[in-house]
Amino acid sequence: MTKQGIVKIRSQDKQELFMMNEWWSTNVFGIQITLNVQRDSLEFWKELIITKLVRCREYGLVQRCVDIQPRKATSEELLKLHTPDRIELLKGTDGSPDAEALEAISSGYDAIYIHPSTNELALLAAGSTVEIVDAILDGKVQNGMAIVRPPGHHAMKSEYCGYCFFNNVAIAAQHALDNKGVERILIVDWDVHHGQATQQMFYDDPSGAGKGFNVNVPLNKTKMGNADYLAIWHQLLLPLAYEFQPELIIISAGYDAALGCFEFRPDLVLVSSGFDSALGDEKGEMEITPACYSHLTSSLMGLAQGKLAVVLEGGYCLKSLAEGAALTLRTLLGDPCPIISKVDEPSLSIQQSVLSAIYVLRPFWKCLQFQGRFDVSKVGSKKEGTYFVPSVTFEGSDVKPTTFATRNCYPVQNRETINLLDQRLDKLIKETSLAVPKHRLCFVYDERMASHRNVNEPGHPERPARITSIYQKLLEYGVLDRCYRLDARDATREELLWLHKADYIDEIAVTAGKKQSTLNQLERQYGSIFICPDTYNAALLSAGSSLQIVESILSGESRSGIGVIRPPGHHAECDKAYGFCFFNNTALAAKYAIEIHQLERILIIDWDVHHGNGIQRMFEENPRVLYVSLHRLDIFPLKPEEFDF
C-alpha cells in the first residue's frame with residue numbers, strides 16, 4: 001500500500017493558498033482535494049478537508065484505496081460543455097492580486113467568490129473527476145470517490161453559479177460518452193440544491209428522444225429524513241434505473257441534507273463543500289443521518305456492473321459531512337451498511353412529490369405504467385378517489401438581479417443550535433456499529449448430502465447433481481478460495497423439536513438403513529417425496545448446516561453465508577414431509593436465531609417459484625418473522641384463508 005500527500009503553502013499578497021492532493025490506495029478509490037482560502041480562515045479551511053481525511057483514516061479506509069494521479073481538465077474537455085468566454089474569464093483571474101476586481105467579477109454571478117487560485121483548482125477538480133471515471137471504465141478500479149472542490153453541479157454552459165465554475169460531473173459524463181463507448185449514464189444528484197446546470201447540459205435533444213430522462217423530485221418541506229429519501233429511492237429511482245440499465249453511474253454527492261450541516265458561521269468566510277442534505281446542515285435543513293448515505297450508495301452498486309463514481313458537491317457541517325462521506329467510501333469498499341433506525345412512514349409532502357414525478361414520467365417508463373393512466377381534464381385538479389393529480393406552482397421570480405451579494409449572505413446557526421446538533425451527531429456516531437466480521441462469506445457443503453437420491457427414478461429433478469454441479473461451478477469461478485469453509489453438522493433432536501413434532505421426527509428417523517422396498521411404501525403417504533436409506537442422515541446434515549451458517553453470522557465470525565445443501569426444506573410442515581422436503585432448513589435457521597441469539601426481527605425471502613408453505617405456517621402467528629414469498633400461484637394454489645394480506 002502506498003500513500004501520497006503534497007502540502008504547499010505560499011505567500012500571495014496577504015493571501016495564502018493551501019493545496020492538498022491525496023490519492024489513496026487499494027482497489028477502489030481516488031481523491032483530489034483542493035482548497036483556496038484567505039489568511040484569517042486558513043486553519044478552518046484546512047480543518048474542513050482534514051476532518052474528512054482524518055475520519056477516513058480513523059476507519060482504516062485510506063490504506064485500502066488505489067493511487068490515481070490528479071490532473072487538470074483540458075480546454076478540449078471544457079469546451080464540450082462550457083463557452084469559451086467563461087473559460088477565458090476565469091483564466092484571466094489566475095494569480096490576480098486585485099481582490100476588489102475579483103470581487104467585482106464574483107458579484108456578477110449568484111453565490112460565487114473568486115480567489116487568485118480558483119481557476120487552477122477548478123481545472124483540477126474537473127480533470128480529476130474525468131480521471132476517476134477513466135479509471136473505472138478502463139477497469140483499473142471497480143468504483144471511485146472524488147473529494148473535489150470547487151463543486152460543479154450549478155456551473156452552467158455560460159454562467160458560474162453556486163460556488164461552481166466547471167461542471168465536474170457533466171464534463172466527466174460527456175467524456176465517457178465521447179471517448180469510452182458508453183451509451184447510458186445515470187447521474188444521481190442527492191444534493192439538497194437542484195443541479196440545474198447538469199440538467200441543462202443534457203436537456204436539449206432535437207429528436208425529442210430525451211423526454212422523460214430528466215427526473216426531478218421536489219423537496220417541498222424541511223426536516224425530511226431517512227424515510228423520505230428511501231421512499232424516493234425505492235418508489236422511483238431504482239425502478240427507473242433498472243429499466244434504464246446504465247453502463248456507468250455518477251453520484252453528485254452533496255451532503256447538505258445531512259443532520260448538522262451549515263453554510264456560514266459569524267466568524268468564518270464562505271463555505272463550499274458537499275453533503276448539505278445531511279442532518280444538521282442549516283442550508284439544507286434536512287435530517288438524513290450519515291448512515292443513510294451508505295444505504296443510498298449500496299442500492300446503486302448492483303447496477304452498471306458496480307461502475308460507480310461518487311463526486312463531492314455540497315455539504316457544510318464538518319462532523320456530519322466527514323461521517324457521511326466516510327460511510328459512503330466505506331460502502332464503496334464493500335463493507336456492510338450500518339443499521340439505521342426504524343424507518344417511519346414518508347412525509348405527506350414526499351408522497352405527493354413522488355406521485356407527481358410518477359404522473360409526469362409514466363408515459364416514458366414501463367416500470368411506472370402498472371398504475372394505469374387517466375385524463376386530467378376528466379378527473380379534476382385535485383385528488384379524487386384513487387386518482388392523484390399534481391398541481392404546479394412557481395414561487396420564485398423571473399427577474400434576474402444584475403449584481404449579487406458577495407459577503408455575509410448565508411445562513412447562520414447560533415451556538416445553542418450548533419451544540420444541540422453536535423450532541424445528536426455524537427449520539428448517532430456512538431450508536432452506529434461499524435463492526436466488520438473477519439470473514440466476508442462463509443460456505444458449507446458436504447458431499448454426504450448427495451447420498452439422498454431417488455433410487456426408482458434417477459433422473460428426478462431433485463437429484464444429487466443439483467448440489468454437486470453448484471459446488472463444481474464455485475470451484476471453477478474461484479469463489480471457494482475466497483470463502484470461509486464451515487464444517488457441516490447434524491441438527492440435534494432438540495433443535496428439530498423447535499418446529500417439528502416428535503412423532504414425525506421419529507417417523508423419518510426409522511427410515512435410516514431400511515430396505516428400499518419398505519421405503520417405497522412409505523413414500524406413498526406423502527406428497528412429492530422420495531426416500532432412500534440415506535435420506536434421514538442427509539436431511540439432518542442439511543438442517544444442521546443451515547444452523548451452522550446462522551451461528552457463524554450472528555457470532556460475528558462471518559458477514560454472510562451460503563449453504564449448498566439438500567434435501568431442501570421450505571415445503572416441510574411441522575408434522576409431514578412434502579415437496580422433496582423433510583426438515584424445514586430455513587425455518588429452523590430462523591428459529592435458531594430467535595432461541596439462541598434472541599433476535600427480534602427476521603426477514604425470510606423465498607424466491608423459489610413454489611410457495612414455501614411450510615415456512616409460512618410455522619411463523620404465520622409470529623410477529624418476529626416477516627416472510628415474503630415470490631411464487632407462481634398456479635403451481636402452488638393457496639386457499640383463500642391461507643392468504644396473509
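This passage walks through the fold of one protein chain, from its overall make-up to its sheets, helix pairs and salt bridges.

The model is a predicted one. Its protein chain has 20 helices and 14 strands. Of the 645 residues in the chain, 52% count as buried. Contacts that reach far along the sequence make up a good part of the picture: among contacts in the chain with a separation of 6 or more, 73% are between residues 24 or more positions apart.

Now for the strands. Strands of a sheet pair through backbone hydrogen bonds, and they can do so either parallel or antiparallel. Here, four strands come together in an open sheet, and reading across it gives the order β4-β9-β6-β5, with parallel pairing. The two edges of this sheet are β4 and β5, since each of them pairs on one side only. From one strand to the next, the twist averages 15 degrees. Looking at one pairing in detail, strand β4 and strand β9 (residues 308-312) run parallel and are joined by four bridges. Within that pairing, M145 stands opposite V310 of β9. The sheet also has a helix lying on it: α6 lies across β5, β6 (248-253) and β9, and runs at about 170 degrees to β5.

Another parallel pairing turns up towards the end of the chain, where β13 and strand β14 (residues 625-629) are held together by five bridges. In this pairing, I602 sits opposite V625 of β14. In a regular strand the side chains alternate between the two faces of the sheet. Strand β13 (residues 602-606) shows just this pattern: I602, I604 and D606 point to one face and are buried, while L603 and I605 point to the other face and are not buried.

Next come the helix pairs. Two packed helices are described by the angle between their axes and the distance between the axes. Take helix α8 (residues 226-244) and helix α9 (residues 290-300), which pack at an angle of about 10 degrees with their axes 10 Å apart. Angles under 35 degrees count as roughly parallel, so α8 is roughly parallel to α9. On the α8 side, the contact is made by N226, Y229, L230, W233, L237 and L238, and on the α9 side by C292, L296, S299 and L300.

Helix α10 (residues 318-332) and α13 form another pair, with axes that come within 10 Å and cross at roughly 25 degrees. That angle makes α10 roughly parallel to α13 as well. The residues in contact are K319, S320 and E323 from α10, together with D422, L425, D426 and I429 from α13. As for its handedness, the crossing of α10 and α13 is left-handed.

Finally, there are the charged side chains. The structure holds 27 salt bridges. In one of them, the side chains of K180 and D134 meet at 3.6 Å, N to O. K180 lies in the loop between α6 (168-179) and β5 (185-189), whereas D134 belongs to helix α5 (residues 118-137), so this salt bridge ties together parts that are 46 residues apart in sequence. K180 is partly exposed, with a relative accessible area of 29%, whereas D134 has 13% relative accessibility and counts as buried.

K400 and E159 form another salt bridge, and their closest N and O atoms are 2.8 Å apart. This pair links distant parts of the chain, 241 residues apart: K400 is in the loop between α12 (376-379) and α13 (415-431), and E159 is in the loop between β4 (143-146) and α6. E159 counts as buried, at 18% relative accessibility.

What about a salt bridge between residues of one helix? K473 and E476 form a salt bridge with their closest N and O atoms 3.2 Å apart. These two residues sit three residues apart in helix α14 (residues 465-476), so about one helical turn separates them. At 37% relative accessibility K473 is partly exposed, while E476, at 56%, counts as exposed. Salt bridges can also share partners, and in this way R55, E58 and E323 are joined into one network. E323 has already come up above, as one of the α10 residues in contact with α13.

Key: Residues are numbered from 1 along each chain as its sequence is written. This is a predicted model: local features need pLDDT of at least 70, side-chain atom pairs count only at pLDDT 80 or more; totals for chains, interfaces and linings use all residues. Side-chain values use heavy atoms; hydrogens and water are left out. A salt bridge is a side-chain nitrogen of Lys or Arg within 4 Å of a carboxyl oxygen of Asp or Glu. Buried means under 20% relative accessible area, exposed over 50%, partly exposed in between (1.4 Å probe, protein chains only). Two strands pair if DSSP finds at least two bridges between them. Axes are lines fitted to C-alpha atoms, for helices over the stretch in contact, and angles run from 0 to 180 degrees between N-to-C directions. Contact means heavy atoms within 4.5 Å. Angles under 35 degrees count as roughly parallel, over 145 as roughly antiparallel, 65 to 115 as roughly perpendicular and the rest as oblique. A crossing is left-handed if the near helix is turned anticlockwise from the far one by less than a right angle, and right-handed if clockwise.
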